[in-house]
Amino acid sequence: MSALVKRVLDVVLAATGLLLLTPLLAVVWVAVRLTSPGPAVFRQERLGRDEKPFTMYKFRSMTAGAADGAHRAYVRAMLTGAEPRQGDSGLYKLEQDPRVTRVGGWLRRTSLDELPQLVNVLRGDMSLVGPRPVLAWEAELFTAQQRTRFAARPGLTGLWQVSGRARLTMPQALALDVEYVRRQSLWLDLTILARTLPALRRGTA
């Protein structure tokens, strides 16, 4: 797929999405600010294409300044082949995480917390479709084959998401990232975008 065509698609759809979703974004912003202390938008450094760091935006779903020790241990366990999940919370998410606020739990279930990443798409840090944006310490645990996922910009949605991320192990999700990079095409991107909304409605994305 032409990089120019993909970029044009990203810019047009992300700009349109931000314009149409402005009222919803405002409501979520207010809800986060009124229900827990701290900023409405959470900023975190992730790794993008070619492992280049960038600042990713999300609506804050956790208490401000929450420690991440338990989350790191959970992710490390999954990346090394263990399956610590006891519920259906999805990849990279602790079940019954005490750091998650009441509004944050709803934002996560609906994936509304990820809408600010449309700004990342406009900036060119991310694409609408691509591998999941990961943290630097997560990438240190990847195998050489898994690291080939960095040949593409990370995505707001991806092959792993529409394949039922709540049911996947992390090695399976990373394998889907690698598969996406290998199979990249305009048709694949459009197919994933078309499958994302139904997956969100089913609660499998």
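What volume does the second largest pocket have? In this predicted model, the second largest pocket has a volume of about 530 Å³, and the tour will return to its lining once the chain as a whole has been set out.

**The whole chain**

Begin with the protein chain in a cartoon view, where nine helices and four strands can be picked out. Followed from the N terminus, the elements come in the order α-α-β-β-α-α-α-β-α-β-α-α-α. If you then colour by accessibility, buried residues account for 48% of the 205 residues in the chain.

**The second largest pocket**

Next, select Leu115, Leu118, Leu156, Leu193 and Thr196, which are the residues nearest the centre of the second largest pocket, out of the 20 residues that line it. To see which elements contribute, show α1 (3-20), β4 (155-157) and α9 (186-202), each of which supplies at least two residues of this lining. Colouring the lining by class gives twelve nonpolar residues, seven polar ones and one charged one.

**A nonpolar patch on the surface**

Move now to Leu4, Val8, Val12 and Leu13, and switch to a surface view: these four residues form a nonpolar patch, and together they have about 350 Å² of accessible area. Val8 can serve as the anchor for this view, since this residue is found in helix α1, the helix that also supplies at least two residues to the lining of the second largest pocket. Val8 counts as partly exposed because its relative accessibility is 44%, a value that falls between the 20% limit for buried and the 50% limit for exposed.

**Salt bridges**

The structure holds seven salt bridges, and three of them are worth displaying in turn, with side chains shown as sticks. Side chains of opposite charge can pair when their charged atoms come close.

Select Lys58 and Asp113 for the opening view; they form a salt bridge in which the closest N and O atoms are 3.4 Å apart. This pair links distant parts of the chain, with Lys58 in strand β2 (residues 53-59) and Asp113 in the loop between α4 (102-110) and α5 (117-123), the two being 55 residues apart. Lys58 and Asp113 are both buried, so a surface representation is best made transparent or hidden here.

Go on to Asp125 and Arg123, whose salt bridge has its closest N and O atoms 3.0 Å apart. The two partners differ in their exposure: Asp125 is buried, with a relative accessible area of 17%, whereas Arg123 counts as exposed at 51% relative accessibility.

Finally, select Glu179 and Arg183, which form a salt bridge with the closest N and O atoms at 2.7 Å. Both residues belong to helix α8 (residues 170-183), and because they are four residues apart in it, about one helical turn separates them. Glu179 is partly exposed, with a relative accessible area of 24%, and Arg183 is likewise partly exposed, with 38%.

**The loop that holds Pro37**

Pro37 is placed in the loop between α2 (22-35) and β1 (41-47), where this proline is exposed, with a relative accessible area of 69%. Add Thr63 to the selection and draw the C-alpha to C-alpha distance: Pro37 and Thr63 are 7.5 Å apart in space, although 26 residues apart in sequence.

**The loop between β1 and β2**

Follow the chain to Asp50, which lies in the loop between β1 and β2. Asp50 is not a glycine, yet it has a positive phi of about 60°, and this residue is exposed, with a relative accessible area of 63%. Glu51 lies in the loop between β1 and β2 as well; its phi is near 65°, again a positive value in a residue other than glycine. With a relative accessible area of 30%, Glu51 is partly exposed.

**A cavity to finish**

Where should the selection go for the second largest cavity? Its lining consists of Leu47, Gly48, Arg49, Pro131, Arg132, Pro133, Arg149, Phe150, Ala152, Arg153 and Pro154. The count of cavities of 30 Å³ or more comes to two, and about 30 Å³ of space lies in the second largest one. Coloured by class, the lining of this cavity shows six nonpolar, one polar and four charged residues.

How values were computed. Residues numbered from 1 in each chain as written. Predicted model: local features only at pLDDT ≥ 70, side-chain atom pairs only at ≥ 80, totals over all residues. Heavy atoms only, no water. 1 Å grid on protein atoms, 1.4 Å probe; cavity = no way out; pocket = protein on both sides within 12 Å on 5 of 7 lines; lining within 4 Å. Points joined across faces, edges and corners; volume = space filled by probe spheres on them. Nonpolar A, V, L, I, M, F, W, Y, C, P; charged D, E, K, R; others polar. Patch = residues over 30% accessible without salt bridge, like charges linked within 9 Å, V, L, I, M, F, W, Y side chains within 5 Å. Areas by Shrake-Rupley, 256 points an atom, 1.4 Å probe, with all protein chains shown as cover. Buried < 20%, exposed > 50% of the residue type's maximum accessible area, 1.4 Å probe, protein only.
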